[in-house]
Amino acid sequence: MTTSAVTGATGHLGRLAVSALLDRGVPAGDVVAVVRDPAKVADLAARGVQVRVADYGDPAAVKAALTGVDRLLFVSGSEAGQREAQHRTVVEAAQATGVRRIAYTSIARADTNSTPLAVEHRFTEELLRASGIDSVLLRNSWYVENYTAQLPQYRATGAIVGAAGEGRVAAAPRADYAEAAVAALLADSPASATYELGGPAFTMSELAAVLGDVTGTDLAYRDLSPADFEAGLLAAGLDQGTAGFVLALELATAAGELDVPATDLERLLGRPATDLRTALTTLVG
Ligand SMILES: NC(=O)c1ccc[n+]([C@@H]2O[C@H](COP(=O)([O-])OP(=O)(O)OC[C@H]3O[C@@H](n4cnc5c(N)ncnc54)[C@H](OP(=O)(O)O)[C@@H]3O)[C@@H](O)[C@H]2O)c1
């Protein structure tokens with residue numbers, strides 16, 4: 001019996017990954033959902049999934065949650081700024097409990113990515129390299145859902161406003177990343193690997209056109225200079241730090257840092273990655 005665990009199983013990606021494991025025929029009793037709040041996964045428990053409670057800030061609980069686990073899909077935490085200590089706890093617990101394989105959700109081009117988000121992912125990738133555990137780095141580009149979540153705002157203004165220029169983003173829906181993560185987790189080889197994962201890339205103008213079409217909304221992309229974009233964020237009430245953070249994401253997009261070939265994702269999926277129109281139609285069509 002091989003036991004596979006998923007952290008962040010109450011989150012969007014983790015929940016999809018648990019479903020992907022079950023869809024691939026992994027018996028529910030061999031799947032461990034690591035969560036902070038078990039009430040959020042009562043449905044998974046009812047299906048026979050083992051639910052174990054651990055906060056990344058609690059080393060003893062994380063160690064208990066990973067006991068007996070062979071393969072771990074380590075979904076990066078969502079508390080930016082706290083993740084170095086949290087992720088160290090998870091990797092050390094995995095070492096202590098004898099986890100044989102970890103697949104970790106990192107960020108596109110983590111080694112050179114200029115966004116503030118990449119710092120904690122680089123740190124975690126280093127921890128994993130040094131851990132001696134077979135490690136698969138799933139360097140995910142953006143989720144398509146990052147954009148659909150902003151649809152009400154786009155609709156209110158008729159515009160997607162940014163400073164990304166003609167930069168392309170290889171976004172894919174979370175479901176593709178989850179399915180690929182599970183494929184990588186369950187594979188026996190290569191022992192360790194780095195995958196740059198993303199779907200067919202698009203510019204923000206293309207996003208506006210397809211999203212407008214799919215939702216029957218008049219949408220256009222309005223590209224601003226970095227200074228004007230940041231000034232707009234400040235005028236909207238964001239503090240300087242948050243505005244700088246959001247601007248950095250735009251500049252990384254403009255520089256093509258989130259544009260990766262779809263090859264790795266498609267190899268793991270064994271099928272074409274979901275294209276933007278299909279993803280948007282499924283999510284908000
Ligand atoms: N590629 C992208 O575009 C993109 C976008 C956003 C985020 N991300 C990254 O990808 C991860 C998964 O994305 P998602 O959409 O599934 O995020 P999400 O829905 O916010 O899920 C985050 C998960 O992490 C859990 N978590 C957070 N802090 C924790 C802690 N201290 N201890 C234990 N569990 C903790 C959350 O538990 P609770 O349910 O208890 O809060 C939740 O299950 C994110 O956490 C983030 O690192 C990537």
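The turns below cover helix packing, ligand contacts and two backbone features of a predicted model.

Visitor: What kind of model is this, and which pLDDT do local features need?
Guide: The model is predicted; side-chain atom pairs count only at pLDDT 80 or more, totals for chains, interfaces and linings use all residues, and local features need pLDDT of at least 70. Residues are numbered from 1 along each chain as its sequence is written, and side-chain values use heavy atoms, with hydrogens and water left out.

Visitor: How are α1 and α8 oriented to each other?
Guide: Helices (H or I, at least four residues) and strands (E, at least two) are DSSP runs, numbered from the N terminus. Axes are lines fitted to C-alpha atoms, for helices over the stretch in contact, and angles run from 0 to 180 degrees between N-to-C directions. The axes of α1 (residues 12-23) and α8 (residues 174-186) come within 8 Å and cross at roughly 55°. Angles under 35 degrees count as roughly parallel, over 145 as roughly antiparallel, 65 to 115 as roughly perpendicular and the rest as oblique, so α1 and α8 are oblique.

Visitor: Which residues of α8 does α1 meet?
Guide: Contact means heavy atoms within 4.5 Å. From α1 come H12, L13, L16, A17, A20 and L21. Their partners in α8 are R174, A175, Y177, A178, E179, V182 and L186.

Visitor: How many residues in that contact of α1 with α8 are nonpolar?
Guide: Ala, Val, Leu, Ile, Met, Phe, Trp, Tyr, Cys and Pro count as nonpolar, Asp, Glu, Lys and Arg as charged, and the others, Gly among them, as polar. The contact has one polar and two charged residues; the nonpolar ones number ten.

Visitor: Is α3 oblique or roughly parallel to α4?
Guide: The axes of α3 (residues 59-66) and α4 (residues 83-97) come within 9 Å and cross at roughly 45°. That angle makes the pair oblique.

Visitor: How are α4 and α5 oriented, oblique or roughly parallel?
Guide: Their axes come within 10 Å and cross at roughly 20°. That angle makes α4 and α5 roughly parallel.

Visitor: How many residues in the contact of α4 with α5 are charged?
Guide: The α4 side includes R83, E84 and R88, and the α5 side includes E120. By class, there are five nonpolar and five polar residues, and the charged ones number four.

Visitor: How many residues surround the ligand?
Guide: A residue counts if one of its heavy atoms lies within 4 Å. The closest are T10, H12, L13, S76 and G77. The full count is 22.

Visitor: Which residue has a side-chain atom 3.3 Å from a nitrogen atom of the ligand?
Guide: A polar contact is a pair of N or O atoms within 3.5 Å; within protein, one must be able to donate a hydrogen and the other to accept it, and residues adjacent in sequence count only if both atoms are side-chain atoms. A polar side-chain atom of R83 lies 3.1 Å from a ligand oxygen. For the ligand nitrogen, the partner is an N or O atom in the side chain of Q86.

Visitor: What is the omega of the peptide bond from S189 to P190?
Guide: Most peptide bonds are trans. P190 is in the loop between α8 and β9 (193-197). The bond from S189 is cis, with omega near -5°.
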